[in-house]
Amino acid sequence: MTVITNSVDGYSVTVQADSAELTSDQPGNDVTIPIGNLRVRESGTSAFHAVSAGTPVLVHQQDSPSAPGGDAIGNDFEGYISFVPVGSYSATLTPDSAVTWGGRPRNDPRPAS
């Protein structure tokens with residue numbers, strides 16, 4: 001993903017799952033894998049964090065504008081796959097970026113202090 005902003009307060013990028021489980025595309029396979037078994041980190045960092053359908057996971061944050069051509073933000077994923085039938089399992093992940101303004105996300109509805 002490439003983030004382009006001229007905000008002097010910077011920006012943050014999060015990832016959130018659209019569902020609580022990875023599901024199979026195999027007909028008749030109703031086995032699921034909890035989404036928390038999928039973990040994410042910003043490329044180049046060491047700590048992985050469990051993906052959640054309820055809470056966005058912060059994968060990048062900085063308190064300055066992006067480079068003029070944008071900042072390339074990469075993510076690494078790892079997963080713990082329990083004993084499940086052979087097949088493909090998937091879920092939709094939604095990345096989001098928020099430009100900060102006065103130390104808060106720009107889309108924050110609270111009045112500026």
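1. In this predicted model, strands 4, 3 and 10 make up an open sheet, arranged in the order 4-3-10 with antiparallel pairing. Strand 4 (32–34) and strand 10 are the edge strands, and each of them pairs on one side only. Between strand 3 and strand 10 the antiparallel pairing runs over two bridges. One residue position can be named here: Thr 23 has Ser 90 of strand 10 as its bridge partner.

2. Ser 24 belongs to strand 3, which covers residues 21–24. Is Ser 24 buried or exposed? Its relative accessibility is 15%, and because buried means under 20%, Ser 24 counts as buried. The side chain of Ser 24 has two polar partners that deserve inspection. The backbone nitrogen of Gln 26 is reached at 3.0 Å, and the side chain of Asn 29 is joined to that of Ser 24 by a polar contact of 3.2 Å. Leaving aside residues up to four places away in sequence, Ser 24 touches Asn 29, Val 31, Ser 88 and Tyr 89.

3. Gly 87 is placed in the loop between strand 9 and strand 10 (89–90). With a relative accessibility of 36%, Gly 87 is classed as partly exposed. Along the chain, Gly 87 and Thr 23 are 64 residues apart, while their C-alpha atoms are separated by 9.8 Å. Thr 23 is also the residue whose bridge partner in strand 10 is Ser 90.

4. Another open sheet consists of three strands in the order 6-5-9, again with antiparallel pairing. Which strands stand at its edges? They are strand 6 (49–50) and strand 9; each has a single partner strand, so one side of each has no neighbour in the sheet. Strand 5 and strand 9 run antiparallel and are joined by five bridges. Within this part of the sheet, Val 40 stands opposite Phe 77 of strand 9. As general background, the strands of a sheet pair through backbone hydrogen bonds, in either a parallel or an antiparallel sense.

5. How many salt bridges does the structure hold? There are two. In one, the side chains of Glu 78 and Arg 39 meet with an N to O distance of 2.8 Å. Glu 78 lies in strand 9 (residues 75–79) and Arg 39 in strand 5 (residues 38–42), so this pair ties together parts that are 39 residues apart in sequence. Both side chains belong to partly exposed residues: Glu 78 has a relative accessibility of 32%, and Arg 39 has one of 33%.

6. The salt bridge between Asp 76 and Arg 41 has its closest N and O atoms 3.1 Å apart. This pair also links distant parts of the chain, with Asp 76 in strand 9 and Arg 41 in strand 5, 35 residues apart. Asp 76 is partly exposed, at a relative accessible area of 23%. In general terms, side chains of opposite charge can pair when their charged atoms come close.

7. The largest nonpolar core contains 15 residues, of which Ile 35, Val 51 and Val 59 touch the most other members. Strand 2 (11–17), strand 5 and strand 7 (57–62) each contribute at least two residues to this core. Strand 2 gives the most, with four residues. Not counting residues up to four places away in sequence, Val 51 touches Ala 17, Ile 35, Gly 36, Leu 38, Arg 39, Val 40, Val 57 and Leu 93. Two residues on that list appear in earlier points: Arg 39 forms a salt bridge with Glu 78, and Val 40 stands opposite Phe 77.

8. Finally, the chain as a whole. The protein chain has 12 strands and zero helices, so that β is the sole symbol in its pattern along the sequence. Of its 113 residues, 29% are buried. Where contacts between residues at least 6 apart in sequence are considered, 72% join residues at least 24 apart. The exposed area of the protein chain is about 7000 Å², and carbon and sulfur atoms supply 53% of that area.

Note on methods:
Residues are numbered from 1 along each chain as its sequence is written. This is a predicted model: local features need pLDDT of at least 70, side-chain atom pairs count only at pLDDT 80 or more; totals for chains, interfaces and linings use all residues. Side-chain values use heavy atoms; hydrogens and water are left out. Buried means under 20% relative accessible area, exposed over 50%, partly exposed in between (1.4 Å probe, protein chains only). Contact means heavy atoms within 4.5 Å. Accessible areas come from the Shrake-Rupley method with a 1.4 Å probe; for residues, only the protein chains shown count as cover. A salt bridge is a side-chain nitrogen of Lys or Arg within 4 Å of a carboxyl oxygen of Asp or Glu. A nonpolar core is a set of buried Ala, Val, Leu, Ile, Met, Phe, Trp, Tyr and Cys residues joined through side-chain atoms within 4.5 Å. Two strands pair if DSSP finds at least two bridges between them. A polar contact is a pair of N or O atoms within 3.5 Å; within protein, one must be able to donate a hydrogen and the other to accept it, and residues adjacent in sequence count only if both atoms are side-chain atoms.
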